Amino acid sequence: MDSLALIAVISIVMAGLTTGFGTMGPALAEGRAVATALTALAQQPDASATITRTLFVGLAMIESTAIYCFVVSMILIFANPFWNLAIAQVAGK
């Protein structure tokens, strides 16, 4: 296996792991946040506006983690900086 194939395999595997763990964590966190918010709404219906607003801000922050992981996986696949280095070494530059 040459260096280009090795870089390709490692990049694809790491992109898959990043996407997998990057979606599992936020999904579990969002489910827990919504469950906790629903419990709080059931106990304190008068504070529904505050709880709902805080829930949506928290969900947005949690969801941004999944988006960052997706961006990192796309960089690993399509804009990996090691590709240029390996191609330059193969070309003899």
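Contact here means heavy atoms within 4.5 Å. The views below show a predicted model.

**View A. Surroundings of Thr18 in helix 1.** By that criterion, Thr18 touches Cys69, Val72, Ser73 and Leu76, residues up to four places away in sequence being left out of the list. With a relative accessible area of 18%, Thr18 counts as buried, because the class takes in values under 20%. The side chain of Thr18 also reaches the backbone oxygen of Met14, at 2.7 Å. An α-helix has 3.6 residues a turn, so residues three or four places apart point the same way.

**View B. Surroundings of Ser73 in helix 2.** The relative accessible area of Ser73 is 1%, and the residue is buried. Its contacts, not counting residues up to four places away in sequence, are Ala15, Thr18 and Thr19. The side chain of Ser73 comes to 2.7 Å from the backbone oxygen of Phe70. The pair of Thr18 and Ser73 thus links this view with View A.

**View C. Packing of helix 1 (residues 3-43) against helix 2 (residues 48-78).** The axes of these two helices come within 8 Å and cross at roughly 175°. An angle over 145 degrees counts as roughly antiparallel, and helix 1 and helix 2 are therefore roughly antiparallel to each other. The residues that form the contact of helix 1 with helix 2 comprise 18 nonpolar, 8 polar and 2 charged.

**View D. Ala27 and Met61, with a partner residue for each.** Ala27 belongs to helix 1. Its relative accessible area of 48% makes Ala27 partly exposed. From C-alpha to C-alpha, Ala27 and Leu59 are 9.9 Å apart in space, while 32 residues separate them in sequence. Met61 is a residue of helix 2. At 57% relative accessibility, Met61 is classed as exposed, because the cut-off for that class is over 50%. The C-alpha atoms of Met61 and Glu30 lie 9.9 Å apart, and the two residues are 31 positions apart in sequence.

**View E. Asn80 in the loop between helix 2 and helix 3.** Asn80 is buried, with a relative accessible area of 6%. Leaving aside neighbours within four places in sequence, Asn80 is in contact with Ile7, Ser11 and Ile75. Of these partners, Ser11 is 69 residues away from Asn80 in sequence, yet the C-alpha to C-alpha distance is 7.9 Å. At the start of helix 3, a side-chain oxygen of Asn80 reaches to within 3.1 Å of the backbone nitrogen of Phe82.

**View F. Helix 3 (residues 81-91) beside helix 1.** The axes of helix 1 and helix 3 come within 10 Å and cross at roughly 170°. The two helices are therefore roughly antiparallel to each other. Helix 1 contributes Ser3, Leu4, Ile7 and Ala8 to the contact, and helix 3 contributes Phe82, Trp83, Ala86, Ile87 and Val90. By class, the contact of helix 1 with helix 3 has 8 nonpolar residues, 1 polar residue and no charged residues. Of the 11 residues of helix 3, the number buried is 1, so helix 3 lies largely in the open. Just after helix 3, Gly92 adopts a positive phi of about 85°.

**View G. Two spans taken from the unreviewed UniProt entry.** The record lists residues 14-76 as "domain: V-ATPase proteolipid subunit C-like". In the model, the chain over residues 14-76 is 94% helix and 0% strand. The end C-alpha atoms of residues 14-76 are 8 Å apart. The annotation "transmembrane region" in the record covers residues 55-79. Residues 55-79 are 96% helix and 0% strand in the model, and the end C-alpha atoms of that span lie 35 Å apart.

Conventions: Residues are numbered from 1 along each chain as its sequence is written. This is a predicted model: local features need pLDDT of at least 70, side-chain atom pairs count only at pLDDT 80 or more; totals for chains, interfaces and linings use all residues. Side-chain values use heavy atoms; hydrogens and water are left out. Axes are lines fitted to C-alpha atoms, for helices over the stretch in contact, and angles run from 0 to 180 degrees between N-to-C directions. Helices (H or I, at least four residues) and strands (E, at least two) are DSSP runs, numbered from the N terminus. Angles under 35 degrees count as roughly parallel, over 145 as roughly antiparallel, 65 to 115 as roughly perpendicular and the rest as oblique. Ala, Val, Leu, Ile, Met, Phe, Trp, Tyr, Cys and Pro count as nonpolar, Asp, Glu, Lys and Arg as charged, and the others, Gly among them, as polar. UniProt positions are given in the numbering used here, feature names are shortened, and annotations may be inferred rather than shown by experiment. Buried means under 20% relative accessible area, exposed over 50%, partly exposed in between (1.4 Å probe, protein chains only). A polar contact is a pair of N or O atoms within 3.5 Å; within protein, one must be able to donate a hydrogen and the other to accept it, and residues adjacent in sequence count only if both atoms are side-chain atoms.
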